[in-house]
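The following exercises concern strand pairing, helix burial and cysteine geometry. Each task is followed by a worked solution.

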Amino acid sequence: MTNETNHVLGTRTLGTTSALTVSTMGLGCMGMSEFYGTGDEQQGIDTIHRALDLGVSFLDTADMYGPFTNERLVGKAVAGRRDAVQLATKFGNERKEDGTRVGINGSPEYVRSACDASLQRLGVDHIDLYYQHRVDKTVPIEETVGAMKELVEAGKVRHLGLSEASAETIRRAHAVHPITALQTEYSLFTRDLEDDILPVLRELGIGLVPYSPLGRGILTGAITRTDDLAENDSRRSPYFPRFSGEALDANLALVAQVREIAAGKGATPGQLALAWVLAQGDDVVPIPGTKRVKYLEENVGAAALTLTPEDLAALERAVPRGSVAGDRYGDMSTIDA
């Protein structure tokens with residue numbers, strides 16, 4: 001495994017018109033509270049503290065994670081270290097305290113109330129990067145981003161982002177207020193955005209923040225069968241078709257080829273997969289999620305891995321685009337297209 005302690009994590013800049021400098025790699029905090037098995041708050045806080053010590057200063061959360069508990073966890077973890085952190089959170093996937101999903105909400109009134117609630121839970125006076133988590137197709141994007149722009153003018157938010165937005169939506173949003181970053185799924189296993197979305201981001205000077213850059217963990221090689229996942233892990237559900245039945249078998253065959261290439265580089269398959277994402281451009285900042293220090297350290301080690309053109313070509317052959325079995329979500333209706 002590439003040793004992260006010998007490598008100082010650098011920085012990258014998201015966006016050009018409204019630029020935000022962040023660590024080369026961020027930390028997705030969602031799994032510390034929900035979705036991937038049972039969370040442990042202290043373990044999550046310890047992982048965030050270790051991340052900050054390693055130079056991972058870009059932390060990603062959302063109000064719906066928990067719901068609401070993940071923002072509180074992140075707030076506790078950054079208390080006393082706020083100036084060392086670039087804090088990103090999201091609104092739009094509306095949930096109740098009991099976890100009930102209300103739906104996608106992009107109304108201006110909700111934008112304002114959601115931001116105030118996030119600030120309170122995080123215990124901070126501003127959010128560095130505020131994303132619309134999913135596009136509300138019943139509200140014109142101009143109205144949603146107009147309300148987000150007001151948050152910038154009020155000093156509550158520094159930079160604006162979108163998540164899982166289409167190329168057209170990105171253009172319309174950017175015309176209202178500069179968009180600093182688009183967060184969307186991107187990895188060796190998910191490359192849909194390369195056709196239409198990535199060219200628009202580069203044309204407009206918008207950074208890319210890939211979530212699930214390890215294919216929801218499958219590219220680490222740690223998952224060899226569905227039973228490896230906890231009973232309450234959402235990846236066992238039909239919501240994630242890539243993790244069950246024949247699709248899982250086909251996808252694990254691809255991971256085996258990634259593992260072989262990684263072994264030749266003295267790296268883990270997860271590190272190689274992350275290095276591939278990092279190699280896609282200096283405007284790309286992945287946010288691998290983990291709730292454990294050991295996996296955090298492994299992920300950070302990927303930044304020290306240099307991939308040659310030959311390495312990149314070998315990975316293209318190992319995981320040809322479109323070779324992954326199963327959709328990334330069982331229900332793709334919330335994805336803006």
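**Exercise 1.** Identify the bridge partner of Thr11 in E2.

Solution. The partner of Thr11 in E2 is Ser23. Strands here are DSSP runs (E, at least two residues), as helices are (H or I, at least four), numbered from the N terminus. Next, place this bridge in its pairing: E1 (residues 11-14) and E2 (residues 20-23) run antiparallel and are joined by four bridges; pairing requires at least two DSSP bridges. Finally, inspect the hairpin: five residues lie between the two strands, and Gly15 has a positive phi near 80°.

The model is predicted: local features need pLDDT of at least 70, side-chain atom pairs count only at pLDDT 80 or more, and totals for chains, interfaces and linings use all residues. Residues are numbered from 1 along each chain as its sequence is written, and side-chain values use heavy atoms, without hydrogens and water.

**Exercise 2.** Determine how many residues of helix H2 are buried, and what they pack against.

Solution. Buried means under 20% relative accessible area, exposed over 50%, partly exposed in between (1.4 Å probe, protein chains only). By this criterion, seven of the ten residues of H2 (69-78) are buried, among them Leu73, Val74 and Ala77. The buried residues pack against helices H1 (41-53) and H3 (108-122) and strands E4 (58-60) and E5 (86-91), where contact means heavy atoms within 4.5 Å. After H2 comes Gly80, with a positive phi near 85°.

**Exercise 3.** Explain why Cys29 forms no bond with Cys115.

Solution. A disulfide requires two cysteine sulfur atoms within 2.5 Å. The sulfur of Cys29 has its closest cysteine sulfur in Cys115, 18 Å away, which is too far for a bond. The structure holds zero disulfides. Cys29 is buried at 0% relative accessibility, and Cys115 is buried at 0%.
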